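Here are my notes for you, in numbered points. Keep the viewer open and look up each residue as you go.

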Amino acid sequence: MRAGLAAFLLLLAASGAGAVGAEGALPRFAEAPEYRNGEGCPAAVAGAGVCDPGLVHIAMTLDAHYLRGSMAAIYSLLKHASCPESLFFHFLAADGAAPGVAELRSALAASFPSLRFEIYPFRADAVTGLISASVRAALEAPLNYARNYLADLLPKCVPRAIYLDSDVLAVDDVRRLWETRLPAAAVVAAPEYCHANFSRYFTDAFWSDPDLGARVFAGRRRAPCYFNTGVMVIDLRRWRSGNYRHRVEQWMELQKEKRIYELGSLPPFLLLFAGEVEAVDHRWNQHGLGGDNILGSCRPLHKGPVSLMHWSGKGKPWDRLDSGRPCPLDHTWKSYDLYIGDGDVSQASAPSWASLSSSALPASVFSW
């Protein structure tokens, strides 16, 4: 192994548990239980493969530090799906980075032998020249911008995709989210948070520019509201026909000229879709569980039912658990953690349903 690559892998290992090991090997993960379709699930179309119209398409990114989160997210999605064999996962991984696509593919297949998935290498140079400095260095990683290119990377026969961040946990059947109705005017569906101070997502220079500011959002279906891009349903055909990848890149180019926002990959989506997003129930993105970005304090669930929990923010449950300083909801995430730590040779399979139930949320939060 080249000295430079070895040093890189060692750095990743030191950055947090569950990252690439000191000798370049991925961490070990338990094999999850097999889940089968129940009654009423669509029958597979012979020979259709990824183009089968009965599939639910889920897109996520894969990288070394967040792999532990991704594995827990996949497990939760399968566990609570009424038709788990109808889920097809589309993973975007940095091209040329360690671990490579082959290693990631082996890790997924070992934990989920029946998982239907594909991995798409994402070239960092497609977006590197467009990325500007952000308030947090982690937000500048090229893979954060891979969601902009979903419609270019996924097969053209895939009509829509649910995009999910790696730090989520599903506690409901994701098909309910997949079946979100997208009217003709909508390209993206997501939970909106209209109580948030929308103006703070953009700089004073943006709001004071006569060609920008409120003029950008004039004439939209509704008043612009914040939405989190970590949980979205995207109509890929409309994205392509509307040339939205190019439109995102145009805003990123303007950002490098005028500094109109501070928050990485989120603001271009707000600039294009705020006020045009098809609203989804908040239960599908109980976000902010990563805690306060400055103080690192824990945050509870928002009031109301829960279908998907999202550890957006600086703190990640696997890091807090390993440091011995978990937040209360991190124990719920732990129930889906497939990671086998050093010396934990006894964990040969995923947690049982009994152990999941012992730390589950109250039944009332799942009610429809």
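**Notes on the fold and its packing**

1. Let's begin with one pair of residues: His57 stands opposite Phe88 in β3. Keep in mind that we are looking at a predicted model. The two strands to look at here are β2 and β3, which run parallel and are paired over seven bridges. How many of the eight residues of β3 are buried? Seven are, so the rest of the structure largely encloses this strand.

2. Now zoom out to the sheet. It is open and has seven strands, and reading across it you get β4-β3-β2-β5-β10-β7-β11, with mixed pairing. At the edges sit β4 and β11 (278-279), each of them pairing on one side only. While you're there, check β5 (residues 160-164) and β10 (residues 231-235): they run antiparallel and are joined by five bridges. Within that pairing, Ala161 faces Ile234 in β10. A handy thing to remember when colouring side chains is that in a regular strand they alternate between the two faces of the sheet.

3. Next, the inside. The largest nonpolar core has 56 residues, and those touching the most other members are Ile58, Ile74, Leu87, Phe89, Phe91, Phe112 and Leu164. Which helix gives the most to this core? That's α2 (residues 67-80), with eight residues. There is also a second, separate core of 52 residues, and Ala161, Trp239, Val248 and Ala274 are among its members.

4. Leu164 deserves a click of its own. Not counting neighbours within four places in sequence, its contacts are Ile58, Ala59, Met60, Leu77, Gly230, Val231 and Leu308.

5. Have a look at helix α3 (residues 101-111), where Leu104, Ala107, Leu108 and Ser111 are the buried residues. They span an arc of only 95° around the axis, so they lie on the same side of α3. What do they pack against? The list is β1 (28-29), β2 (56-62), α2, β3 (87-94) and β4 (116-122).

6. Compare that with α10 (residues 266-273), which is mostly covered, with eight of its eight residues buried. Its buried residues run from Leu266, Pro267 and Pro268 through Phe269, Leu270, Leu271 and Leu272 to Phe273. After α10 comes Gly275, with a positive phi near 90°.

7. Phe198 is my pick for a loop residue: you'll find it between β8 (192-193) and α6 (204-208). Is it buried or exposed? Phe198 has a relative accessible area of 10%, and with under 20% counting as buried, it is buried. Beyond its neighbours within four places in sequence, Phe198 is in contact with Trp207, Phe217, Pro224, Cys225, Tyr226, Leu270 and Ala274. Take Leu270: it is 72 residues away from Phe198 along the chain, yet their C-alpha atoms are separated by 9.4 Å.

8. Finally, the rings. The structure holds 22 aromatic pairs. One of them is Trp239 with Tyr244, a tilted pair with 5.7 Å centre to centre and 45° between the planes; both residues are buried. Phe198 turns up again in an aromatic cluster with Phe202, Phe206, Trp207 and Phe217. Two arginines also sit over rings: Arg160 lies over the face of Trp178, 5.8 Å from the ring centre, while the charged end of Arg200 is over the ring of Tyr201, 4.7 Å from its centre.

Conventions. Residues numbered from 1 in each chain as written. Predicted model: local features only at pLDDT ≥ 70, side-chain atom pairs only at ≥ 80, totals over all residues. Heavy atoms only, no water. Core = buried A, V, L, I, M, F, W, Y, C linked by side-chain atoms within 4.5 Å. Buried < 20%, exposed > 50% of the residue type's maximum accessible area, 1.4 Å probe, protein only. Helix = DSSP H or I, 4+ residues; strand = E, 2+ residues; numbered from the N terminus. Contact = heavy atoms within 4.5 Å. Arc of directions from axis to C-beta. Phe/Tyr/Trp six-rings, centres within 6.5 Å; stacked < 30°, edge-to-face > 60°. Lys NZ or Arg CZ within 6 Å of the ring centre and 35° of its normal. Pairing = 2+ DSSP bridges.
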